[in-house]
Each structure stands twice: as C-alpha cells, then as structure tokens.
Amino acid sequence: MMLNYALALSAAALILLTGIFNPLTEGWAASIQANYLPGLQGCALQKVIPGVGATRSTIKIFFIGNSGTDELGDGAEPLLASAGYRVEQQKFSIPGAPLSYLWHFQNSAGRDKSPLALMQKMQPDHLTIMPIYRSAYSDPNQQNTVPVSPDYLPKPDEKNIPEPGDVRIGALFYSYALRANPNVKLWLYSVWPDNQDPRYQTAAQWDAWVRNRQAENEKTRTGIDKVSDGKPIGIIPAGSGFAYLREQLGQPQQQLIAEHFQDGIHLNATGRYFVGLLYYAAVTGQPPTEKVTANGPLPAALATQYKQIAWDVISGYQWAQ
C-alpha cells in the first residue's frame, strides 16, 4: 500500500539546519522560497483515476507522510471519482515516519523521486501532511537512509525534532508546494491513538487523546500560517470524526474499533471509507450526499448515514473549511 521512497535533503534544508532561518518570524516563508535551489526534476509516480460523472473536473492531491496518509488517499480517491472528478493522486511515504525524517534523508530512490521534485512536476491542488510529534524513529539513520550531504551529522537534539519542528518542516514542504501552485491548499491530518494501548480502551480515554492531538495540530496550523502569508491551511479531523461517528451510531468504543480498524492504528475498508468521506467533504466543500455514489463496503442506507455524519463533522469544524 505504501510507496517506500525516501527523501533527498535539499540545500534549503541544510541552510535551515545551520540556523540561517529563524522559524516563526515574519517573512520566513519568503526567505525559504528565495533561497531554494530551483530546477529539481523528476517523473511523478502518480495514479490517475478518471471521473465517472458529468463534472470531470481534475483534482490533484499529494500526500506526504506514512501509512496513515496512504490510507486517507486510498479512501478518498474512489469517492472523488464517483462524484465525477478526474483524480491525480501522488503519495510519498515511509511507514511511521515523522515529517523531519521525510524532509532530511534519502535512500536509493534518489533525488528525482523526492517530494520536492514530484510536487514541482504535479503542481497539486491539495497537499496533505501528517504531523506525528513523537516518532518511533529515535535514530534518523534507520532504514538504511543516508544523509545527502556527507558533512551533515545530526546533533543530539535533532534526532527527533518535536513541535515546533513540525511547524518548521511543514512550512518548508508547503512553501515548495506553493512554488509549484500558488493556490495549493495545505491540510494537516489529525488522527487517533493506538487502539491496542491499554491507556486508550474507553471512549473517555480515547477522546482525550484525540482532543490533545487535534489541539497540537491547531498549534501547528497556526505556526505554519504565520510564516505562509495567510495561505489556506486546514485540518482533517479524523480522530474527532470517529468519536462523533461512534456517538451518532450509538456504538460502544470497542465496537467502533472492531468495525473500523484492522489493528491498533490501521483502518479497515469501512474506516478508510469514512476518512475518505471526511477528505472529500473538506477538499470539495460539498456534502458527500450530493454527488458521491460510491458506498464502499456499506449497505446504501448506512453509507448515506456515514456521508451525512462526515459532512456534519467537516461543516462544523472551523479549520476544515
């Protein structure tokens, strides 16, 4: 499901790490853009799905992250196509990887497969990233990755860059996407805890984690907004979306997990269908009940209920507009 490409460290990242840029200062994004080395080239490894309706507007979506963003793209793509959109989708992911890991390192895939090169070629309408904040990758040299620059050696405090590191790296990715398409919208994907962790077995425990993660994403959104000159930045509230779904369906917590997840963190077909509906509603600004004809694995009546719940979540959340 995942394209296990790793990322080339551009000269911009090296400039950033040497401290030339001061994050969260006015004009920082402009400085980033002015100092990027232009001309990264590469062929987009993307999937094009023709729309099946009369609209056939093209929508280009680019996901940078891990298995979570892969699942989001897998869920959204058939729904957009069923509503008549011609979908171009590009994924760049490493399992469990934080944004800093994706930005700083490459593997044998090479520089022309970096998300910077792929974004330049694709010119996406929507860029979606998934801040992790705490990562399993305590050592950025895992998975046989090597620094692009032989003289770059991570300092101890750079092994796992916390927030506002995701503000810094997220803004770098977004700044480059804006070079490819000045109208691209950035989305942060806000998720859920490990459902197999004994600390998150009740609805109250699970919801508290989800609220905290969404608050972290809102802080990151605000930070990126400060350095991106007011460009549109949204949040896909998947974790709180599942909490609302549970409430509307009248399910106990463990039934929600059993019916939407295949393990502690990964979604099954029903879960992917629901996050796909959330993404569809956010990026199109339209209720899925109007044009989405795909029902995923659900009976038609239940799929209609899911569509309405997804729209209620997105239309009721300030940063999902």
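Reader: Which strand holds His-126?

Author: Happy to start there, with a reminder that this is a predicted model. The strand in question covers residues 126–129, and His-126 is found in it. Its label is S5.

Reader: Is His-126 buried or exposed?

Author: The relative accessibility of His-126 is 9%. Buried means under 20%. At 9%, His-126 therefore counts as buried.

Reader: What is His-126 in contact with, leaving aside its neighbours within four places in sequence?

Author: One partner is Lys-60, which lies 66 residues apart from His-126 along the chain, yet their C-alpha atoms are separated by 6.5 Å. Lys-60 comes with Ile-59, Ile-61 and Phe-62 among the contacts. The rest of the list is Val-184, Lys-185, Trp-187, Tyr-279 and Val-283.

Reader: Which side chain makes a polar contact with the side chain of His-126?

Author: Look for a side-chain pair at 3.0 Å. The partner of His-126 there is also in its contact list. That residue is Trp-187.

Reader: How are helix H3 and helix H10 oriented to each other?

Author: H3 spans residues 67–82 and H10 spans residues 269–284, and their axes come within 7 Å. They cross at roughly 65 degrees. Angles of 65 to 115 count as roughly perpendicular, so H3 and H10 are roughly perpendicular.

Reader: How many nonpolar, polar and charged residues does the contact of H3 with H10 have?

Author: On the H3 side, the residues include Leu-72, Ala-76 and Leu-79. They meet a set in H10, among them Tyr-279 and Val-283, two residues that are also in contact with His-126. By class, the contact has 10 nonpolar, 3 polar and 3 charged residues.

Notes
Residues numbered from 1 in each chain as written. Predicted model: local features only at pLDDT ≥ 70, side-chain atom pairs only at ≥ 80, totals over all residues. Heavy atoms only, no water. Helix = DSSP H or I, 4+ residues; strand = E, 2+ residues; numbered from the N terminus. Buried < 20%, exposed > 50% of the residue type's maximum accessible area, 1.4 Å probe, protein only. Contact = heavy atoms within 4.5 Å. Polar contact = N/O pair within 3.5 Å; in protein donor to acceptor, adjacent residues only side chain to side chain. Axes fitted to C-alpha atoms, helices over the stretch in contact; angles between N-to-C directions. Parallel < 35°, antiparallel > 145°, perpendicular 65-115°, else oblique. Nonpolar A, V, L, I, M, F, W, Y, C, P; charged D, E, K, R; others polar.
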